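Please work through the following exercises with the sequence and the coordinates at hand. Each task is followed by a solution in steps.

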Amino acid sequence: MEQRHLTCIGCPMGCQLTVEMDKGEVLSVSGNTCKRGDIYARKEVTNPTRIVTSTIAVKEGDKERVSCKTANDIPKDKIFAVMQDINHAVCKAPVKIGDILIENAAGTGVAVIATRDIRKIS
Amino acid sequence: MNKVDIVIVGGGPAGLAAAVAAKKAGCDSILILERDGELGGILNQCIHNGFGLHTFKEELTGPEYAGRFIRQALDLNIDYKLNTMVMDISPEKVITAMNRTDGMFQIQAGAVILAMGCRERPRGALNIPGYRPAGIFSAGTAQRLVNIEGYMPGREVVILGSGDIGLIMARRMTLEGAKVKVVAELMPYSGGLKRNIVQCLDDYGIPLKLSHTVIDIEGKEHISAVTIAEVGPDRRPIPGTEERYTCDTLLLSCGLIPENELSQSAGIEMSRITSGPVVNESLETNVTGIFACGNVLHVHDLVDYVSEEAGRAGENAVKYVKGQLDDNASGKLIKLAATDGARYTVPSTIDPGRMDENLTVRFRVGDVYKDSYVSVYYGDERVQHRKRQILAPGEMEQVIVKKEDLLKRPEMETITIKIEKE
């Protein structure tokens, strides 16, 4: 049996949660004061995911960089692999909000999309 | 002199929401004056997500949230001038501004909406001893360099202050390959959201040292190291707790200050607590026809609240230029007081005749309170008493005041908001 300690992000209380696990299965969650803590802890220890936001270099645009995000959340342990793909990518103006800039970031099956418009400069 | 019904100073989230609401309320003569080269304000550099849960019921990044309001403003054909610096606002609502195309120009405004936002507390206001080398940035400046310009300020970073921008930048610099060694916070609690502490610091193993501050900066040309020490309850460094961190960058995230130089020259009364204008229920300052909203009024934690508040300022400005704002004025002014842990309220006064059916009063607490009650007193009578598991200075709080309740109490002079143990 193993124990994992987490801080709940549901509200400013920041309850210190303790999750008891056995072979990857959650046995119990304690330390939470509401149901949100329980839900958060179970997800966080079995399948933690995050949205990654960054910027990608743009050619011929009115800005040097276009802001971007993963279209869905990705596994937490893939954050740096996704960042590596983002840092190697270059796109060309014009760019529209929602345009796909990387189709399948770091093999996660999740796309990286633009979060702002970039105009082309002639 | 050109005449415009409503001039809005600032094209960030507050200015945009005020303009959109004013246009929808039936005003066609609106002009936004924006200092930057594009609309959207600081949201353009806040590329992280978490915006818009209240307004759009989905989680957006800063540029996406700004983009939705910019799109609305453009669709409504609202006029704006970019790269335009407002130099002065007179009590008669004459705006003096300049830009490279028009030179210096003046506009007679029917109403003015102040939406200039806030700026970061700089090093000079923090009294940090030591050298004054390059490599010290406010967190927001670093955010702009990394996210808009595409430059990295440095590779080995120490952050002073645990405000949300500092936390967000700790993650951002880490993702871009920098080593963030420590975040030091003077207070015994963080000013940032729990979620940011977990997802920006804990996720990357960045230590947060509460009750710590920077007591020395080394490096003559460029910063080379800082010394951090623990502080006691008097917030003075405790000898013997010093730790030295080598670094090439120090980021400061030590609070935001509403940017009100223009308001002061217009003769607007200011609050010493919020550093923003004192406003009534219509978000109108003591200079009639000049309204304020967003972070220039008081620093908000969520942009959704800025948009909502700015929308009300826009609608009230339209009523003012149409001569309708005082239609139901009662001439009676109820004062709002914040005591026993509540630090301030926005607004500061209510004319029951001019308010909507429900009025949202926003406030902040001065300390962390657990298992306490937010109480609202009408005169000496306690009318609201709501238990809260936690209240923290970093989170804006609100109570709702009902018009019918005020009309029922014609003798009432003061509404008081308090934090009570029971």
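**Exercise 1. Disulfides**

Determine how many disulfides the structure holds over all chains, and examine B:Cys247 and B:Cys293 in this respect.

Solution.
1. The model is a predicted one. A disulfide requires two cysteine sulfur atoms within 2.5 Å.
2. Applied over all chains, this criterion gives zero disulfides.
3. For B:Cys247, the closest cysteine sulfur belongs to B:Cys254 and lies 14 Å away, which is too far for a bond.
4. B:Cys293 is likewise in no disulfide: 13 Å separates its sulfur from the nearest cysteine sulfur, that of B:Cys118.
5. Are these two cysteines buried or exposed? The cut-off for a buried residue is a relative accessible area under 20%. B:Cys247, at 3%, is buried, and B:Cys293, at 1%, is buried as well.

**Exercise 2. Strand pairing around S1(B)**

Identify the strands of chain B that pair with S1(B), give the sense of each pairing, and describe the connection from S1(B) to S2(B).

Solution.
1. Strand S1 of chain B spans residues 2–9, and strand S8 of chain B spans residues 103–114. Seven bridges join them in the parallel sense.
2. Within this pairing, B:Ala109 of S8(B) stands opposite B:Val4.
3. S1(B) also pairs with strand S2 of chain B, residues 30–33, over four bridges and again in the parallel sense.
4. On the S2(B) side, B:Leu33 is the bridge partner of B:Val9.
5. Between S1(B) and S2(B) the chain passes through helix H1 of chain B, residues 13–24, forming a right-handed β-α-β crossover.

**Exercise 3. Architecture and dimensions of chain A**

State the secondary-structure content of chain A and its order, then compare the radius of gyration with that of a compact globule.

Solution.
1. Chain A contains two helices and 10 strands.
2. Read from the N terminus, the order of its elements is β-β-β-α-β-β-β-β-α-β-β-β.
3. The radius of gyration of chain A is 19 Å, whereas a compact globule of 122 residues would have one near 14 Å.
4. Along the principal axes, the C-alpha atoms of chain A fill a box of roughly 60 × 30 × 15 Å.
5. Of the 122 residues in chain A, 43% are buried.
6. Among contacts in chain A with a separation of 6 or more, 46% are between residues 24 or more positions apart.
7. The accessible surface of chain A is about 6600 Å², and carbon and sulfur atoms account for 49% of this area.

Definitions and conventions. Residues are numbered from 1 along each chain as its sequence is written. Chains are lettered from A and ligands numbered from 1 in the order in which they are written. This is a predicted model: local features need pLDDT of at least 70, side-chain atom pairs count only at pLDDT 80 or more; totals for chains, interfaces and linings use all residues. Side-chain values use heavy atoms; hydrogens and water are left out. Two strands pair if DSSP finds at least two bridges between them. A crossover is right-handed if, with the strands pointing away from the viewer, the path from the first strand over the helix to the second runs clockwise. Buried means under 20% relative accessible area, exposed over 50%, partly exposed in between (1.4 Å probe, protein chains only). The radius of gyration is taken over C-alpha atoms; the globule rule is 2.2 Å times the number of residues to the power 0.38. Contact means heavy atoms within 4.5 Å. Accessible areas come from the Shrake-Rupley method with a 1.4 Å probe; for residues, only the protein chains shown count as cover.
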